[in-house]
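Okay, thanks for making time this morning. Have a look at the chain on the screen, and I'll talk you through it.

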Amino acid sequence: MSIFKKIMTAIRGGATEMGEGIVDANATRIFEQEIRDAENHLTKAKRDLTAVMAQQMASSRDVDKVKRDIAEHEGYVAQALEKNNEALALQVAEKIASLENELTTGQQALDSFSANADRLKDLVKKGERQVTEYKRQLSMVKTTDSVQKATSAITDNFSSSSSKLLNAKDSLERIKAKQQKFDDQLKAAEVLDAENSDNSLEAQLKAAGIGSQDNSANSVLERIKAKQK
């Protein structure tokens with residue numbers, strides 16, 4: 001039985017580690033979903049706040065109406081007393097007492113709605129500020145995560161493919177050598193073609209004073225002088 005308990009404990013421990021691993025692997029996604037959930041709650045809170053504010057406005061109108069009724073009936077009491085109709089004045093006074101009780105109840109309700117509305121407004125504002133801050137943090141987290149992944153990928157590529165980089169360098173050198181060889185062959189062909197051309201041979205003969213030479217004033221003068229001797 002003791003061994004079975006240990007096995008179950010090990011299984012629970014493994015499940016916990018697995019669960020934590022899943023949470024860690026999806027932490028950014030979970031955080032983003034939690035922000036969306038918070039926004040949904042804020043949207044519902046705003047709707048609830050609207051309802052509370054509507055009740056507050058209705059309660060305020062009721063309180064104002066009761067106050068007007070009280071003022072109106074107080075005027076009736078004054079008129080009844082002016083006419084020495086104290087019995088009627090007493091009846092109106094009873095009505096005023098009832099209205100004042102109604103006013104007390106209505107004012108309490110209005111105060112409650114106002115206090116709740118103010119509290120909910122503060123909570124909504126705080127929630128909105130917090131969500132805005134979380135969104136900013138989420139953006140930073142995503143950016144940091146992308147940079148870390150890129151850095152890790154670059155590091156892994158350089159560490160695991162050093163031989164590939166060397167191979168790439170060798171390939172580049174071979175390409176350059178091949179291109180240089182082609183250029184050398186092209187230049188050699190040009191030199192060889194120039195050496196084998198008739199123009200090149202005539203130029204060499206002329207430079208050596210062999211073969212027909214271009215007539216010039218000096219050569220003509222020298223030839224004539226030679227004939228006169």
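Let's start with K46, which is partly exposed at 38% relative accessibility. For that word, buried is under 20% relative accessible area, exposed is over 50%, and partly exposed is in between, with a 1.4 Å probe and protein chains only. K46 sits in helix α2. The helices here are DSSP runs of H or I with at least four residues, strands are E runs of at least two, and both are numbered from the N terminus. What does K46 contact, leaving aside its neighbours within four places in sequence? V124 and E128, where contact means heavy atoms within 4.5 Å. The C-alpha of K46 is also 8.5 Å from that of L120, although 74 residues separate the two along the chain.

A word on what you're looking at. This is a predicted model, where local features need pLDDT of at least 70 and side-chain atom pairs count only at pLDDT 80 or more, while totals for chains, interfaces and linings use all residues. Residues are numbered from 1 along each chain as its sequence is written, and side-chain values use heavy atoms, with hydrogens and water left out.

Now the overall picture. The protein has six helices and zero strands, so to read off the elements from the N terminus you just say α-α-α-α-α-α. Out of 229 residues, 12% count as buried. The exposed surface comes to about 18,400 Å², and carbon and sulfur atoms supply 56% of it; that's Shrake-Rupley with a 1.4 Å probe, and for residues only the protein chains shown count as cover. If you take contacts between residues at least 6 apart in sequence, 76% of them join residues at least 24 apart.

Back to α2. This helix has 56 residues and reaches 81 Å from its first C-alpha to its last, close to the 82 Å expected at 1.5 Å a residue. The expected span is 1.5 Å times one less than the number of residues.

What comes just after α2? There we meet N84, with a positive phi of about 60°, and N84 isn't a glycine. Most residues other than glycine have a negative phi. N84 is in the loop between α2 and α3, and it is exposed, with a relative accessible area of 70%.

Next, the core. Which residues make up the largest nonpolar core? There are eleven: V63, V66, I70, V77, A80, A89, V92, I96, L99, L103 and L110. By nonpolar core I mean buried Ala, Val, Leu, Ile, Met, Phe, Trp, Tyr and Cys residues joined through side-chain atoms within 4.5 Å. The elements giving two or more residues to it are α2 (27-82) and α3 (86-160), and α3 provides the largest share, six residues.

Let me zoom in on H73, which lies in helix α2. Is H73 buried or exposed? Buried, at 16% relative accessibility. Setting aside neighbours within four places in sequence, H73 touches V92, K95, I96 and L99. Seen from V92, with the same kind of neighbours left out, the contacts are H73, Y76 and V77.

Over in helix α3 there's S98, which is partly exposed at 41% relative accessibility. S98 and I70 are 28 residues apart in sequence, and their C-alpha atoms are 9.4 Å apart.

On to aromatics. How many aromatic pairs turn up in a search of the whole structure? One. It's F31 with Y134: the ring centres are 5.7 Å apart and the planes are at 75°, so this is an edge-to-face pair. The rule is that rings of Phe, Tyr and Trp (its six-membered ring) pair if their centres lie within 6.5 Å; planes under 30 degrees apart are stacked, over 60 edge-to-face, and the rest tilted. F31 is in α2 and Y134 is in α3, 103 residues apart, and the pair links these distant parts of the chain. Y134 is partly exposed, with a relative accessible area of 37%.

Last, the database record. An unreviewed UniProt entry annotates residues 28-55 and 110-137 as "coiled-coil region"; positions are in the numbering used here, feature names are shortened, and annotations may be inferred rather than shown by experiment. In the model, residues 28-55 are 100% helix and 0% strand, with end C-alpha atoms 41 Å apart. Residues 110-137 are also 100% helix and 0% strand, and there the end C-alpha atoms lie 40 Å apart.
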